[in-house]
Amino acid sequence: MRWARLRFAIIGNVGTIISFRVGAYDAPLLANELGISEDSLINLPNFTARVKRIRDGSPTEAEFITTLLPDPNFVGRFPAVLANTRNR
């Protein structure tokens, strides 16, 4: 019960909600806040999200956005972490 109250307290105090694909446990809460169906959050394609903002003091309708695809040449920190692990 305490965790449920905490979740609702957090959701009730944020001005912008950005939701990428979520699981069945989180979908009802976020779908209710965004004013969309649970299935639309569970089945969001990769690199897409739904956004609801406060604009001029009023909440907007949930918008569909597409994010940038990751850079195919980006390898991140994996080589450095792997080398560091092997040096131990």
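The questions and answers below concern a predicted model of one protein chain.

Me: Which pattern of helices and strands does the protein chain follow along the sequence?
Reply: The predicted chain has four helices and five strands. Read from the start of the sequence, these elements give the pattern α-β-α-α-β-β-β-β-α.

Me: What radius of gyration does the protein chain have, against that of a compact globule of 88 residues?
Reply: The C-alpha atoms fill a box of roughly 50 × 35 × 30 Å along the principal axes. A compact globule of 88 residues would have a radius of gyration near 12 Å. For the protein chain the value is 18 Å.

Me: What percentage of the 88 residues in the protein chain is buried?
Reply: The chain exposes about 7000 Å², and carbon and sulfur atoms supply 57% of that area. A residue is called buried when its relative accessible area is under 20%. Buried residues make up 20% of the chain.

Me: Among contacts between residues at least 6 apart in sequence, what percentage joins residues at least 24 apart?
Reply: The count starts from contacts in the protein chain whose residues are at least 6 apart in sequence. Of these, the share joining residues at least 24 apart is 26%.

Me: Which residues of helix H2 are buried?
Reply: Helix H2 covers residues 27–34. The cover over its buried residues includes H1, strand E1 (17–19), helix H3 (38–42) and E2. After H2 comes Gly35, which has a positive phi near 75 degrees. The buried residues of H2 are Ala27, Leu29, Leu30, Ala31 and Leu34.

Me: How many Å separate the C-alpha atoms of Phe8 and Leu29?
Reply: Phe8 belongs to helix H1 (residues 2–12) and is exposed, at a relative accessible area of 53%. Leu29 is one of the buried residues of H2. The two residues are 21 apart along the chain, and their C-alpha atoms are separated by 8.3 Å.

Me: Is Ser19 buried or exposed, and which residues is Ser19 in contact with, leaving aside neighbours within four places in sequence?
Reply: Ser19 sits in strand E1. Its relative accessible area is 2%, so Ser19 is buried. Beyond its neighbours within four places in sequence, Ser19 is in contact with Leu30, Leu34, Leu41, Leu44, Ala49 and Arg50.

Me: Which side chains meet in a salt bridge, and at what N to O distance?
Reply: Side chains of opposite charge can pair when their charged atoms come close. A search of the whole structure finds one salt bridge. The side chains in it are Glu63 and Arg53, at 2.8 Å.

Me: Which parts of the chain does the pair of Glu63 and Arg53 tie together?
Reply: Glu63 is partly exposed at 32% relative accessibility, and Arg53 is partly exposed at 31%. The pair ties together parts ten residues apart in sequence, because Glu63 lies in strand E5 (residues 63–66) and Arg53 in the loop between strand E2 (48–52) and strand E3 (54–55).

Me: How far apart are the mean positions of the positive and negative charges of the protein chain?
Reply: The chain has 11 positive and 8 negative charges. Taking the mean position of each set, the separation is 12 Å.

Me: Which residues does Thr60 touch, not counting residues up to four places away in sequence?
Reply: Thr60 is in the loop between strand E4 (58–59) and E5. Its relative accessible area is 16%, so Thr60 counts as buried. Outside the residues up to four places away, Thr60 touches Lys52, Arg53 and Arg55.

Me: What is the phi of Phe47?
Reply: Most residues other than glycine have a negative phi. Phe47 lies in the loop between H3 and E2 and is partly exposed, with a relative accessible area of 36%. Although Phe47 is not a glycine, its phi is positive, at about 65 degrees.

Me: Where does Asp56 lie, and what is the phi of Asp56?
Reply: Asp56 is in the loop between E3 and E4. At 78% relative accessibility, Asp56 counts as exposed. Asp56 is not a glycine, yet its phi is positive, at about 55 degrees.

Me: How far apart in space are Gly57 and Gly15, C-alpha to C-alpha?
Reply: Gly57 is in the loop between E3 and E4. Its relative accessible area of 66% makes Gly57 exposed. Gly57 and Gly15 are 42 residues apart in sequence, and the C-alpha to C-alpha distance is 9.3 Å.

Methods:
Residues are numbered from 1 along each chain as its sequence is written. This is a predicted model: local features need pLDDT of at least 70, side-chain atom pairs count only at pLDDT 80 or more; totals for chains, interfaces and linings use all residues. Side-chain values use heavy atoms; hydrogens and water are left out. Helices (H or I, at least four residues) and strands (E, at least two) are DSSP runs, numbered from the N terminus. The radius of gyration is taken over C-alpha atoms; the globule rule is 2.2 Å times the number of residues to the power 0.38. Buried means under 20% relative accessible area, exposed over 50%, partly exposed in between (1.4 Å probe, protein chains only). Contact means heavy atoms within 4.5 Å. Accessible areas come from the Shrake-Rupley method with a 1.4 Å probe; for residues, only the protein chains shown count as cover. Lys and Arg count as positive and Asp and Glu as negative; His and the chain ends are not counted. The place of a charge is taken as NZ of Lys, CZ of Arg, CG of Asp or CD of Glu. A salt bridge is a side-chain nitrogen of Lys or Arg within 4 Å of a carboxyl oxygen of Asp or Glu.
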